[in-house]
Amino acid sequence: DNKKSRGACYEHATLISLNDYPGWYDLQKEGVKAPLAWNDFARSVTEGKTASGTHTIGKPMLISETGAGGIFEWSNNVTDAKWTLKYQSEIIGGDVDVAL
């Protein structure tokens, strides 16, 4: 699902999986927002605050798809602009930290 907290069909699922790319498609450049985004969604699931209401309480949640792109040739770029390997590493590092 890519609806995050707006997902209205979670009550029919036994497992809630989410596809999202925090920091990549939303372009929040003030630091990597992956941990904040994933933790906010997990909290809304565990507290029953999605569009599905309390039907999400007690259901397991997993990150089923996430990531960021990087152009290999930009490996010597010291900035963390979008498409650089440094920016990709920051995004994916944040995803992995929160997933573990």
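Reader: Which residue forms a salt bridge with E47, and how far apart are the closest N and O atoms of that pair?

Author: As a general idea, side chains of opposite charge can pair when their charged atoms come close. In this structure E47 is joined to K49 by a salt bridge (a side-chain nitrogen of Lys or Arg within 4 Å of a carboxyl oxygen of Asp or Glu), and the closest N and O atoms of the pair are 3.3 Å apart. Please keep in mind that the model is predicted, so that local features need pLDDT of at least 70 and side-chain atom pairs count only at pLDDT 80 or more, while totals for chains, interfaces and linings use all residues. Residues are numbered from 1 along each chain as its sequence is written, and side-chain values use heavy atoms, with hydrogens and water left out.

Reader: Are the two partners, E47 and K49, buried or exposed?

Author: The class of a residue follows from its relative accessible area (buried under 20%, exposed over 50%, partly exposed in between, with a 1.4 Å probe and protein chains only). E47 has a relative accessibility of 38% and therefore counts as partly exposed, whereas K49, at 58%, counts as exposed.

Reader: How many salt bridges does a search of the whole structure find?

Author: The search of the whole structure finds three. Besides the pair of E47 and K49, there is one between D20 and K4, with the closest N and O atoms 3.5 Å apart, and one in which the side chains of R43 and D40 meet at 2.7 Å, N to O.

Reader: Where do D20 and K4 lie along the chain?

Author: To place them one needs the secondary-structure elements, which are DSSP runs numbered from the N terminus (helices are H or I with at least four residues, strands are E with at least two). D20 sits in the loop between β1 (16-19) and α1, and K4 belongs to the segment before β1, so that the salt bridge links distant parts of the chain, 16 residues apart. D20 counts as buried because its relative accessibility is 14%, while K4, with a relative accessible area of 31%, is partly exposed.

Reader: Where do R43 and D40 lie, and how many residues apart are they?

Author: Both R43 and D40 are in helix α1, three residues apart, a spacing of about one turn of the helix. As to their surroundings, R43 has a relative accessible area of 40% and is therefore partly exposed, and D40 is likewise partly exposed, with a value of 38%.

Reader: How many helices and strands does the protein chain have, and what order do the elements run in?

Author: The protein chain has two helices and two strands, and, read from the N terminus on, the elements follow the order β-α-β-α. Of the 100 residues in the chain, 28% are buried.

Reader: Which residue other than glycine has a positive phi near 80°?

Author: A backbone angle can be read in the same careful way, starting with the residue and then turning to its place in the chain. Here W83 is a residue other than glycine with a positive phi, near 80°. W83 is located in the loop between β2 (61-65) and α2, and its relative accessibility of 41% makes it partly exposed.

Reader: What separates the C-alpha atoms of P35 and I91, and how many residues apart are they along the chain?

Author: For such pairs one sets the separation along the chain beside the separation in space. P35 and I91 are 56 residues apart along the chain, and their C-alpha atoms are separated by 9.6 Å. P35 itself is part of helix α1 and counts as partly exposed at 28% relative accessibility.

Reader: Which residues in the segment before β1 can be read in this way?

Author: Two that can be examined are A8, which lies in the segment before β1, and L15, which lies in that segment too. A8 is 42 residues from T50 along the chain, with 7.4 Å between their C-alpha atoms, and A8 is partly exposed, its relative accessible area being 46%. For L15 and M61 the separation along the chain is 46 residues and that of the C-alpha atoms is 5.9 Å, with L15 counting as partly exposed at 37% relative accessibility.
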